[in-house]
Each structure stands twice: as C-alpha cells, then as structure tokens.
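Biologist: I would like a close look at a single part of this model, followed outward from one side chain to whatever surrounds it. Please go slowly, since I am still learning to read structures.

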Amino acid sequence: MIEVYNLYVRKGEKEVLNGVSMEVDRGETVVLIGENGSGKTTLIRAITGLEDYKGEIYIDGVEPEKGGKEKISVLSQDFNPMAYLKVSEIIGFCDSVDEEVIKELGLNGIFSSRIGNLSGGERRRVGIGFALMNDRPYIILDEPTANLDISYINRLISLLRRKVEEGKGLLIATHDLIFGREVGDRFVFLRDGKVAYITNEEGFNYACTKVFGTNMYTEVMKRCV
Ligand SMILES: Nc1ncnc2c1ncn2[C@@H]1O[C@H](COP(=O)(O)OP(=O)(O)O)[C@@H](O)[C@H]1O
Ligand SMILES: [Mg+2]
C-alpha cells in the first residue's frame with residue numbers, strides 16, 4: 001500500500017501541499033483530480049522521492065528515500081528523455097517486454113525513431129509503455145492522456161484495467177474528467193493543496209461540481225445536445 005499522511009510540501013513562499021492524507025492499495029486505481037496548480041504533480045513527485053516534505057509517506061511500509069520509491073514505476077508529467085535515444089533503446093531499459101502493451105500503444109511503428117523526432121502523442125505513448133513495462137507493484141501516471149487521441153485513450157483504459165487485475169496499485173493524476181471517471185475506483189479531489197473530497201463513483205459528480213463549479217455531464221449537455 002502507498003500511504004500518505006499529513007503531507008506538507010513548501011516551495012518558496014507557497015505551501016503547495018497542505019496536510020494531504022490518502023492511500024493507494026494494490027489492485028485498485030486511485031485518480032487524483034484537481035484544478036491546475038492544485039498540487040497533483042507535487043504529490044506524485046513527493047511519493048516518488050523528488051520533493052522534500054514534512055509528514056509521512058510509506059510504500060509497503062518503507063519511506064521513498066529508504067527504498068520505497070523502487071517499488072513504483074512512473075510516467076512523469078514531462079516525460080522527455082534524451083532526444084537522440086531510439087524508442088527501441090527506451091524499451092530496452094524496461095524490466096520486460098509486454099507484446100500487448102507494445103501493440104496497443106502502437107510502438108512497433110515507431111521502434112526505430114529517435115525521441116526527438118516524435119510527436120507529442122507518440123512520445124507520450126512511449127512514456128506510458130515504459131511505465132507499464134517496468135515490473136513494480138505500483139504504477140503512477142501523471143497526465144497520461146496528454147496529447148493522446150481518443151482511440152489511444154480507449155486502449156490505455158483497457159491496458160490499465162489489465163494491470164489492476166494483475167494486482168498492481170495505480171495512481172493517476174489527470175484533468176481529463178471523462179477518462180478519470182472511467183478508469184478510477186476511487187477519486188481524490190485536491191483543492192489548493194488540500195484533499196477536498198475522497199469518493200467512489202457515486203460521489204464523483206458532486207465533488208466535480210464543488211471543485212470545478214461544473215461537471216462533465218453538464219458540459220456535454222451544453223455542448224453536444
Ligand atoms: N518552485 C516553486 N515556487 C513556488 N511555487 C511553485 C514552485 N513550483 C511549483 N509551484 C506551484 O505549486 C503549485 C502546484 O503545482 P503542481 O503540483 O504542478 O499542480 P498540478 O499538477 O495540480 O497542476 C502551482 O501553483 C505551482 O505554481
Ligand atoms: Mg500536474
């Protein structure tokens with residue numbers, strides 16, 4: 001289990017995380033939702049050992065810096081490895097090669113391309129593949145659907161469900177409410193560095209409306225009907 005208790009992260013004058021507590025268990029997907037700047041990326045960076053913090057973080061009982069972070073496979077928000085590396089070389093760094101992940105993310109077609117020549121969506125797919133093919137008990141993805149078109153979002157959802165069935169614990173930060181709602185078992189809504197709501201799908205719309213002032217059904221009705 002990933003356990004976060006009473007977490008504070010300060011940057012400059014700003015308390016970016018202000019007493020956050022939440023958990024991610026194996027075999028579930030927790031989705032982090034919140035407005036730009038609410039602290040999603042900072043929370044992920046703290047869990048993965050990239051931020052100084054006050055409070056407690058344990059991954060299967062071990063602090064990130066004492067080895068806990070080794071249990072996590074991560075897609076960072078700004079995944080952008082060295083431009084001259086080939087996709088095949090990145091895949092070569094993974095613990096194992098999963099043919100279904102390669103196929104569903106369409107990585108075969110760009111295997112011999114260099115990272116610096118890929119489109120934003122192609123680079124995202126490489127980053128997602130890299131995170132899914134490292135065999136750790138927890139997978140954390142920061143904005144995985146950024147630049148992805150809808151067919152790849154649907155394939156990603158299937159791949160993530162399979163990972164949960166395999167017993168992995170998933171934490172996903174997204175501002176994509178439709179994707180997040182579909183893939184999550186539980187939802188942690190952040191507002192100004194604090195947990196505003198933790199809910200299952202029943203409370204999703206209520207929490208969305210409270211945090212964003214609207215929800216996706218209202219928006220779809222407004223735009224598409
Ligand atoms: N070095 C810094 N100094 C001051 N504020 C920062 C610094 N780095 C990030 N922040 C602020 O921290 C807040 C949280 O950022 P982030 O965790 O990236 O949010 P999210 O991922 O939810 O959009 C933002 O308001 C951002 O401007
Ligand atoms: Mg972010």
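Which residues does Phe130 touch, not counting residues up to four places away in sequence?

Modeller: Please keep in mind from the start that this is a predicted model. Leaving out residues up to four places away in sequence, Phe130 touches Ile90 and Cys94. Another residue to look at is Asp95, which is 35 residues away from Phe130 along the chain, while the C-alpha atoms of the two are separated by 9.2 Å. Phe130 has 21 other C-beta atoms within 10 Å, and because a residue counts as buried when 20 or more such atoms lie within that distance, Phe130 is buried.

Phe130 lies in helix α4, and following this helix leads to a sheet. Helix α4, which covers residues 120–132, packs on the sheet and touches β5 and β6, with its direction making about 175° with that of β5. The sheet in question is open and has 6 strands, which come in the order β5-β6-β7-β3-β8-β9 with mixed pairing. At its edges stand β5 and β9 (194–199), each with a single partner strand, so one side of each is left without a neighbour in the sheet. From one strand to the next, the twist averages 15°.

Of the two strands that helix α4 touches, β6 (residues 138–142) deserves a careful look, because 5 of its 5 residues are buried and the strand is therefore largely enclosed by the rest of the structure. The cover is found on both faces of β6, with Tyr138, Ile140 and Asp142 buried on one side and Ile139 and Leu141 buried on the other. In the sheet, β6 pairs in the parallel sense with strand β5 (residues 72–75) over 4 bridges, and here Leu141 of β6 has Leu75 standing opposite. The pairing of β6 with strand β7 (residues 169–173) is also in the parallel sense, over 5 bridges, and in this pair Ile139 has Leu170 of β7 as its bridge partner.

A second helix belongs to this picture, since β6, helix α5 (residues 150–165) and β7 make a right-handed β-α-β unit. Helix α5 packs on the sheet as well, where it touches β3 (29–34), β6 and β7, and its direction makes about 145° with that of β7.

That contact brings us to β3, which is mostly covered, with 6 of its 6 residues buried. Thr29, Val31 and Ile33 point one way from the strand, Val30, Leu32 and Gly34 point the other way, and all of them are buried. The strands β3 and β7 run parallel and are joined by 4 bridges, with Thr29 standing opposite Leu170 of β7, the residue that also serves as bridge partner of Ile139. With strand β8 (residues 186–191), β3 pairs in the parallel sense over 5 bridges, and Ile33 stands opposite Phe189 there.

Gly34, one of the residues of β3 that are buried, also leads to the ligand. The residues around ligand 1 include Gly34, together with Lys11, Gly12, Lys14, Val16, Asn36, Gly37, Ser38, Gly39, Lys40, Thr41 and Thr42. The elements that give two or more residues to this shell are β2 (14–24) and α1 (40–47), and α1 provides the largest share, with 3 residues. Sorted by class, the shell around ligand 1 has 8 polar, 3 charged and 1 nonpolar residues.

Since β2 is among the elements that contribute to the shell, it is worth seeing where that strand sits. It takes part in an open sheet of 3 strands, ordered β2-β1-β4, in which the pairing is antiparallel. Here β2 and β4 (54–59) stand at the edges with a single partner strand each, so one side of each is left without a neighbour in the sheet. Ignoring direction, neighbouring strands of this sheet are turned by 25° against each other on average. Strand β1 (residues 2–11) runs antiparallel to β2 and is joined to it by 8 bridges, with Leu7 standing opposite Val20 of β2.

To return to the side chain you asked about, Phe130 is buried in a helix, α4, and that helix touches β5 and β6 of the sheet.

Notes
Residues numbered from 1 in each chain as written. Chains lettered and ligands numbered in written order. Predicted model: local features only at pLDDT ≥ 70, side-chain atom pairs only at ≥ 80, totals over all residues. Buried ≥ 20, exposed ≤ 12 C-beta atoms within 10 Å, placed from the backbone. Pairing = 2+ DSSP bridges. Right-handed = clockwise from strand over helix to strand, strands pointing away. Near = placed C-beta within 6 Å. Nonpolar A, V, L, I, M, F, W, Y, C, P; charged D, E, K, R; others polar. Axes fitted to C-alpha atoms, helices over the stretch in contact; angles between N-to-C directions. Contact = placed C-beta atoms within 7 Å.
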